[in-house]
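Thanks for coming, everyone. I'll walk through one chain today and keep it quick. Please have a look at the sequence and the structure first.

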Amino acid sequence: MAIALAAGTAALLPFDERIVAALRSPTALRSAPLRATMAVFDRVGAVDAEVAGPVLMGLGVLARRPALVDAGFHVADAYVLASGISFVAKGIAGRGRPYWIGISRASSFQFGRGFPHREAYASFPSGHAAGAFAAAFALSGESEAWKSPFARPLRALIWTAVVGDGVSRVYRDTHWATDVTAGAAVGAVAWQLTRARFHGRRKETARADAYGEDQEPVRRSPTLRALLQPGGDGRARVGIVGAF
């Protein structure tokens with residue numbers, strides 16, 4: 001997915017200015033329903049993706065659902081990782097934002113111009129898109145293990161909101177289209193790194209727990225590895241345990 005998004009970014013580069021012109025045409029800007037829709041999608045990327053992980057962890061503690069706590073931690077981890085990668089990439093790329101009319105062009109990259117964080121030259125990749133797509137990839141990946149009839153509709157809702165947020169970035173003149181696709185690629189990479197660190201380690205740890213040095217099965221009680229763990233008295237334990 002990350003490779004496909006990166007390839008799509010390269011293919012879209014020659015069309016960046018046309019896409020911005022189309023989404024910001026007088027007809028589109030005068031449309032009240034479109035403006036309202038884009039404002040809602042913009043909020044999804046700016047706020048909701050940022051708090052998705054902590055909210056899931058909190059709900060998991062209240063409902064005493066360790067799997068939900070675990071999922072929330074992984075969503076938050078992917079989001080933070082994507083934000084960090086995009087912040088560094090912004091500074092290196094130094095791309096001008098589209099709202100600098102008459103000054104900024106889609107090809108206005110300059111190595112290192114985004115450092116220290118200069119908002120006008122921190123367009124590529126979109127940090128909002130990177131965080132939103134990382135959260136979406138993480139939520140989709142985690143929800144596949146949930147035995148819930150609502151998991152599939154939830155994934156459809158998540159992806160509709162995230163793609164809409166990406167379009168709103170261009171509509172609101174804060175990013176080029178390729179900023180969004182590059183941010184999506186960063187989000188995909190961030191989730192893969194998170195999944196490899198935690199889910200991969202969980203499998204290795206499970207095997208180490210199940211077999212002794214002589215490769216004979218070891219009978220042990222199952223242990224819960226999570227950042228937040230509901231306690232038997234209704235309170236929650238907060239800490240770093242085995243798998244982490």
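I'll cover confidence, helix packing, salt bridges, one histidine and some backbone details.

Confidence first. This is a predicted model. Mean pLDDT for the chain is 80. Of its residues, 79% reach 70 or more. Two stretches stay under 50. One is residues 204-215, where the model has 14 contacts beyond four places in sequence. The other is residues 217-227, with 30 such contacts. Where pLDDT is low, predicted coordinates should not be read in detail. So please don't read those contacts in detail.

Now helix packing. Two packed helices are described by the angle between their axes and the distance between those axes. Start with α2, residues 16-23, against α7, residues 151-171. Their axes are 9 Å apart, at an angle of about 90°. An angle of 65 to 115 degrees counts as roughly perpendicular, so α2 is roughly perpendicular to α7. Which residues of α2 and α7 make the contact? From α2 come I19, V20 and L23. From α7 come V167, V170 and Y171. By class, that contact has six nonpolar residues, no polar ones and no charged ones.

Next, α6 against α7. Helix α6 covers residues 127-143. It packs on α7 at an angle of about 170°, with the axes 10 Å apart. Over 145 degrees counts as roughly antiparallel, so that is what α6 is to α7. On the α6 side, the contact residues are H128, A132, F133, A136, F137, L139, S140 and S143. They meet A151, R155, I158, W159, V162, D165 and R169 of α7. This contact is mixed by class: nine nonpolar, three polar and three charged residues.

On to salt bridges. How many does the structure hold? There are eight. I'll show three.

One pairs R95 with D16, at 2.8 Å from N to O. R95 sits in the loop between α5, residues 66-93, and α6, while D16 is in helix α2. The two are 79 residues apart, so to speak from distant parts of the chain. Are R95 and D16 buried or exposed? R95 is buried, and D16 is buried too. There is a further partner here. D16, R95 and D179 are linked in a network of salt bridges.

Another pairs R105 with E17. Their closest N and O atoms are 3.2 Å apart. R105 lies in the loop between α5 and α6, and E17 in helix α2, so this pair ties together parts 88 residues apart in sequence. E17 has 31% relative accessibility, so it counts as partly exposed.

The last one I'll show joins R24 and D173. Here the closest N and O atoms are 3.7 Å apart. R24 is in the loop between α2 and α3, residues 26-30, and D173 is in the loop between α7 and α8, so the pair ties together parts 149 residues apart in sequence. R24 is partly exposed, at 27% relative accessibility. D173 is buried, with a relative accessible area of 10%.

Now the histidine. H199 lies in helix α8, residues 177-210. What is H199 in contact with, leaving aside its neighbours within four places in sequence? The answer is H74, E142, W191 and T194. Take H74. It is 125 residues from H199 in sequence. In space, the two are 9.5 Å apart, C-alpha to C-alpha.

Finally, the backbone. Most residues other than glycine have a negative phi, and most peptide bonds are trans. Here are three places to check against that.

Where is the cis peptide bond? It runs from F124 to P125, with omega near -5°. P125 lies in the loop between α5 and α6.

R64 has a positive phi, near 55°, and is not a glycine. R64 is in the loop between α4, residues 32-63, and α5. At 47% relative accessibility, R64 counts as partly exposed.

D173 comes back here. Its phi is positive as well, at about 65°, although D173 is not a glycine. So D173 combines a positive phi with a buried position, at 10% relative accessibility, and it is a partner of R24 in a salt bridge.

That's the tour. Questions are welcome.

How values were computed. Residues numbered from 1 in each chain as written. Predicted model: local features only at pLDDT ≥ 70, side-chain atom pairs only at ≥ 80, totals over all residues. Heavy atoms only, no water. Axes fitted to C-alpha atoms, helices over the stretch in contact; angles between N-to-C directions. Helix = DSSP H or I, 4+ residues; strand = E, 2+ residues; numbered from the N terminus. Parallel < 35°, antiparallel > 145°, perpendicular 65-115°, else oblique. Contact = heavy atoms within 4.5 Å. Nonpolar A, V, L, I, M, F, W, Y, C, P; charged D, E, K, R; others polar. pLDDT = per-residue confidence, 0-100. Salt bridge = Lys/Arg side-chain N within 4 Å of Asp/Glu carboxyl O. Buried < 20%, exposed > 50% of the residue type's maximum accessible area, 1.4 Å probe, protein only.
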